[in-house]
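Work through the exercises below with the model open. Try each task before you read its solution.

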Amino acid sequence: MSSAYAGQRICLTTLHGKEQALARPFAVGLGAVLEVSPCDTNRLGTFSGEVERCDSALATCRQKAWLGLERTGLRLGLASEASFGPHPSAPMLPIGQELLVFLDLDRGLTVVEQRLEWRTNYAQRLLRSDEDPSPWLQQVGFPSHGLIVRPASAEAGPWYRDLCSSLDLQNALEACRRADPRGEVWLETDMRAHRNPTRMRSIRRLGVSMVRRLCRRCPSCGSPGWGLVETEPGLPCEACGTATDLTRLEVWGCPHCAHREWHPRRDGLAVAQPVDCPWCNP
Ligand SMILES: [Zn+2]
Ligand SMILES: [Zn+2]
């Protein structure tokens with residue numbers, strides 16, 4: 001095995017069972033072993049609305065990986081972070097931004113892998129006092145996917161979480177209705193990985209991408225972690241040649257040295273359709 005990390009121990013900072021998604025790709029692809037550090041990362045923010053997020057996702061993720069390294073004394077760290085919300089250009093569609101950060105203290109590397117995830121059940125809903133939640137529950141995949149609920153008027157909580165069955169949910173809904181002056185309940189999908197199998201699959205896909213990146217060496221300095229770092233827009237319109245917002249070039253880079261290479265799109269697309277052109281279709 002040519003992996004730079006064969007036989008190495010990597011600290012994964014998580015409270016939420018992400019080793020289920022990540023241990024296998026790191027073992028098979030790199031020959032490395034993940035060791036879980038159960039740091040209380042909730043103080044860095046959660047999806048559940050109890051803690052306000054103030055840091056950018058990348059800074060939070062790196063800090064999370066650091067916490068694990070400080071605690072375990074290991075030199076290789078891994079942490080993941082996500083945010084969810086409406087798509088910027090299609091607000092009816094929910095989207096997830098998943099991030100995975102790998103730290104290599106000895107080589108001085110921060111390696112980042114990220115993806116926009118369309119496959120998410122992220123949703124929120126106000127339930128009226130006499131409303132039946134069943135259709136919505138089916139849509140968001142309860143009970144295989146978790147929910148968190150609170151009285152609608154109590155933005156600070158109490159939140160009810162870890163609702164694993166219809167009976168748990170029923171009890172929580174009743175408690176929330178009693179606590180709310182209008183009997184209304186606020187429901188949100190639980191986005192923590194161990195309560196959200198859809199998200200767990202996203203993390204696994206991201207882990208596979210990270211392992212592939214760590215297997216690639218920089219053609220200039222030989223450091224692991226060579227891969228796509230950004231994209232450049234400007235794919236020309238097929239009809240008039242105007243530069244569109246679509247990706248024209250992929251920029252590949254090294255996490256260690258300043259080496260960059262500009263590659264054509266991997267899908268081979270060389271021109272944009274006039275429908276995507278600001279001149280042909282203003
Ligand atoms: Zn055009
Ligand atoms: Zn390099």
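Two strands pair if DSSP finds at least two bridges between them. Keep in mind that this is a predicted model.

**Exercise 1. The three-stranded sheet**

Task: Find which strand order the open sheet of three strands has, and which strands are its edges.

Solution:
- Step 1. Read the order. The open sheet runs β9-β10-β11, and its pairing is antiparallel.
- Step 2. Find the edges. β9 and β11 each pair on one side only, so they are the edge strands under the pairing rule.
- Step 3. Take the first pair of strands. Six bridges join β9 and β10 in the antiparallel sense. In this pairing, Thr231 faces Glu250 of β10.
- Step 4. Take the other pair of strands. β10 and β11 are antiparallel too, over five bridges. Here Glu250 has His263 in β11 as its bridge partner.
- Step 5. Look at the connection. Six residues separate β10 from β11, and the two strands form a hairpin.
- Step 6. Add the twist. From one strand to the next it averages 30°.

**Exercise 2. The first zinc site**

Task: Which residues coordinate the zinc ion (ligand 1), and what is the arrangement of the donor atoms?

Solution:
- Step 1. List the donors. They are the SG atoms of Cys237, Cys240, Cys277 and Cys280, at 2.2 to 2.4 Å.
- Step 2. Check the angles. Four donors count as tetrahedral if all angles lie between 85 and 135 degrees. Around the zinc ion (ligand 1) the angles are 102 to 115°, so the arrangement is tetrahedral.
- Step 3. Compare with the ideal. Four tetrahedral donors have ideal angles of 109.5 degrees.
- Step 4. Write the spacing. The donor residues of the zinc ion (ligand 1) follow C-x2-C-x36-C-x2-C in sequence.
- Step 5. Place two of the donors. Cys237 sits in the loop between β9 (227–233) and β10 (247–253), and Cys280 in the segment after β11 (260–264). These parts are 43 residues apart in sequence, so the pair ties them together.
- Step 6. Judge the exposure. Buried means under 20% relative accessible area. Cys237 has 4%, so Cys237 is buried. Cys280, at 36%, is partly exposed.

**Exercise 3. The second zinc site**

Task: Which cysteines are the protein donors of the zinc ion (ligand 2), and where in the chain do Cys218 and Cys257 lie?

Solution:
- Step 1. Name the donors. Cys218, Cys221, Cys254 and Cys257 each give an SG atom, 2.2 to 2.3 Å from the zinc ion (ligand 2).
- Step 2. Classify the site. The angles among its four donor atoms are 103 to 116°, and the site is tetrahedral.
- Step 3. Write the spacing. Along the chain the donors of the zinc ion (ligand 2) read C-x2-C-x32-C-x2-C.
- Step 4. Locate the pair. Cys218 is in the loop between α5 (197–215) and β9, while Cys257 is in the loop between β10 and β11. They are 39 residues apart, and the pair links distant parts of the chain.
- Step 5. Judge the exposure. Cys218 has a relative accessibility of 4%, so it counts as buried. Cys257 reaches 22%, so it counts as partly exposed. Cys221 is also partly exposed, with 36%.

**Exercise 4. Disulfides**

Task: How many disulfides does a search of the whole structure find?

Solution:
- Step 1. Recall the bond. A disulfide is a covalent bond between the sulfur atoms of two cysteines.
- Step 2. Apply the cut-off. The sulfur atoms must lie within 2.5 Å.
- Step 3. Count. The search of the whole structure gives zero.

**Exercise 5. Backbone features**

Task: Where is the cis peptide bond between Phe142 and Pro143, and what is the phi of Asp162?

Solution:
- Step 1. Recall the background. Most peptide bonds are trans, and most residues other than glycine have a negative phi.
- Step 2. Find the cis bond. It runs from Phe142 to Pro143, with omega near 10°. Pro143 lies in the loop between α3 (134–139) and β7 (147–151).
- Step 3. Turn to phi. Asp162 is not a glycine, yet its phi is positive, about 55°. Asp162 belongs to the loop between β7 and α4 (166–179).
- Step 4. Add the exposure. Asp162 is partly exposed, with a relative accessible area of 42%.

**Exercise 6. One glutamate**

Task: Is Glu188 buried or exposed, and which side chain does it contact?

Solution:
- Step 1. Place it. Glu188 is in strand β8 (residues 185–189).
- Step 2. Judge the exposure. Its relative accessible area is 10%, so Glu188 is buried.
- Step 3. Find the partner. The side chains of Glu188 and Trp186 share a polar contact of 2.9 Å.

How values were computed:
Residues numbered from 1 in each chain as written. Chains lettered and ligands numbered in written order. Predicted model: local features only at pLDDT ≥ 70, side-chain atom pairs only at ≥ 80, totals over all residues. Heavy atoms only, no water. Donors = N, O, S within 2.8 Å, 3.2 Å for Na, K, Ca; no water. Tetrahedral: all angles 85-135°; square planar, octahedral: opposite > 155°, others 65-115°. Helix = DSSP H or I, 4+ residues; strand = E, 2+ residues; numbered from the N terminus. Buried < 20%, exposed > 50% of the residue type's maximum accessible area, 1.4 Å probe, protein only. Polar contact = N/O pair within 3.5 Å; in protein donor to acceptor, adjacent residues only side chain to side chain. Axes fitted to C-alpha atoms, helices over the stretch in contact; angles between N-to-C directions.
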